[in-house]
Amino acid sequence: MALLIAVALFVAQAINFSLLLSERRQARLDQATGPVVTRIIDADERIHAGRAIGGGNWSRVQLAAASPVMPAGQHVPEVEAALRGALSDAGVRVRRIQTQVIPIKRNDPRLRYVSKMRVERLLRAGAELMVAVERTDGQWLILNLPWSRNDAAIFWRLIAQTLILYGVALVPLLWAARRISRPLRSLATAARAFQPGAAVDPVAARGPQDVRDVIVAFNALRLRVTAMLDEKDRMLGAIGHDLRTPLAALRVRIESVEDEDDRVKMADTIAEMNSTLDDILSLARLGRPSEPPTEVDLAALVDAVVEDFRDLGSNIVFEEAARLKMRLRPGLMRRAVRNLIENALKYAGAAEVTVTAEARSVVIAVCDRGPGIPPDRLGDVFEAFTRIETSRNKETGGIGLGLALARTIVRDAGGDITLENRDGGGLVARIVLVR
């Protein structure tokens, strides 16, 4: 904001400078042409009347047979044009009009005939303007007048005005902006670092009243969010306990069922209900994971998950990878990788797992040769309780929480999951983690 106002002030001063410079040049032109026209007309009338026009005084008009203006000198075309127009309007006919800017030095002999005050004014101007006007008879009327050589005075005046404006406008603005920005930065830092349940001190309420009100509201909101999440955790714990207790009782009771097939089906149903309950509770609790991040070997972690499936007789091909140290929550990451492998095994019966280290990321790829997913549904399968196969057949998946849970875990770790159909059939699920 301060920079924007500084630029705006500078532009305004630049426009002001342009206008002042234009006005100064016009005023200088008027000051030069007015007296010259008056004296030329007076001299012309005197000549026609047969009277003398004056001597060598600085302010008098002289009559010469030739123009003293040097061709290589500094000319002022705008003065020449203005004089020609003014003399024409006054009915004075002339041929050529020439001008030349001549520097004035203190030792100029002509200054001895000029008053001290006028000398100082001439020296401050720094130059004189010689004007030569050719009459129709070939004679030249010559006169000199003070001429300012540069616009340094107006330039330095603009600099002084700009500095005063900056001091008056920007200094208080910078002070006010700093008073506002410091507490806002503290608030933004606290908002980014907010972790529900973490013991942190409230943000100090500083700055203007509006900013203090926002900080107080944020502190109150943080307390309310933490309280709501605490209540949610207590509720989930109670739900988990209340549901697992009757499921455990059912598991005991089915042992009394004499039919072996019925008993196995009941046990499978109870196991599936327990697994579904675990997924739902895990997904609901991911906003406040109890497991702290630790440094782990990601390649070894994936290898351990693959070995667990191999111990159960699953067909999984895993390419060994070099050690990859990363800081993450190992239990949750194992859960995410396991969910992807389970998904591949359910639909294809086999899986290929690779871990690849790239320049700024690590990619865990789980590939299969199953039926794949329609391209327009690749994003839908990450939504909770969404399944492409709508029959809810337990042989081809659960209730649609596996991929949703895996993506939530990976995003909590700062990465993401993508799905892509393979050439020749099948699916590639990639976990991309930033190193």
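Is D42 buried, partly exposed or exposed? The answer is in point 2, among these notes on a predicted model.

1. Surface patch. A nonpolar patch on the surface is formed by L3, V7, F10, V11, I15 and L19. Together these residues have about 610 Å² of accessible area. One of them, F10, sits in helix 1, which covers residues 2-49. F10 counts as exposed because its relative accessibility is 52%, and the cut-off for that class is over 50%.

2. A salt bridge within helix 1. D42 counts as partly exposed, since its relative accessibility is 35%. Its side chain meets that of R46 in a salt bridge, with 3.1 Å from N to O. R46 is likewise partly exposed, at 26% relative accessibility. Both residues lie in helix 1, four residues apart, or about one turn of the helix. The spacing fits the geometry: an α-helix has 3.6 residues a turn, so residues three or four places apart point the same way.

3. A salt bridge between strands. R95 pairs with E134, and the closest N and O atoms are 3.9 Å apart. R95 belongs to strand 2 (residues 94-103) and E134 to strand 3 (residues 126-135), so this pair ties together parts that are 39 residues apart in sequence. For a salt bridge the cut-off is within 4 Å, and the 3.9 Å between R95 and E134 meets that limit. The two partners are covered to unlike degrees: R95 is partly exposed, with a relative accessible area of 45%, whereas E134 is buried, at 7%.

4. R251 and E255. These residues also form a salt bridge, in which the closest N and O atoms are 2.6 Å apart. R251 is partly exposed, its relative accessible area being 35%. E255 counts as partly exposed too, at 47% relative accessibility.

5. Salt bridges overall. How many salt bridges does a search of the whole structure find? The search gives 13. Some are joined: D44, R135 and D137 are linked in a network of salt bridges. As general background, side chains of opposite charge can pair when their charged atoms come close.

6. The cavity. Rolling a probe the size of a water molecule over the atoms shows where empty space is left. A search of the whole structure finds one cavity of 30 Å³ or more. The largest cavity holds about 50 Å³ of space. Its lining consists of L340, N343, A344, V366, D368, L403, L419, L427 and A429. By character, these lining residues divide into seven nonpolar, one polar and one charged.

7. Where the lining comes from. Which elements each supply at least two residues of the lining of the largest cavity? They are helix 8 (330-348), strand 9 (361-368) and strand 11 (427-434). Helix 8 gives the most, with three residues.

8. Helix 9. In this helix, residues 402-412, the buried residues are L403, A404, L405, A406, R407, I409 and V410. R407 is thus listed as buried, and L403 also appears in the lining of the largest cavity. After helix 9 comes G414, which has a positive phi, near 90 degrees.

Key: Residues are numbered from 1 along each chain as its sequence is written. This is a predicted model: local features need pLDDT of at least 70, side-chain atom pairs count only at pLDDT 80 or more; totals for chains, interfaces and linings use all residues. Side-chain values use heavy atoms; hydrogens and water are left out. Patches are made of residues with over 30% relative accessible area and no salt bridge: like charges are joined within 9 Å, nonpolar side chains (Val, Leu, Ile, Met, Phe, Trp, Tyr) within 5 Å. Accessible areas come from the Shrake-Rupley method with a 1.4 Å probe; for residues, only the protein chains shown count as cover. Buried means under 20% relative accessible area, exposed over 50%, partly exposed in between (1.4 Å probe, protein chains only). On a 1 Å grid over the protein atoms alone, a cavity is a set of points where a 1.4 Å probe fits but cannot get out, and a pocket is an open set with protein on both sides within 12 Å along at least five of seven lines; lining residues have an atom within 4 Å of a point. Grid points are joined across faces, edges and corners, and a volume is the space filled by probe spheres set on the points. Ala, Val, Leu, Ile, Met, Phe, Trp, Tyr, Cys and Pro count as nonpolar, Asp, Glu, Lys and Arg as charged, and the others, Gly among them, as polar.
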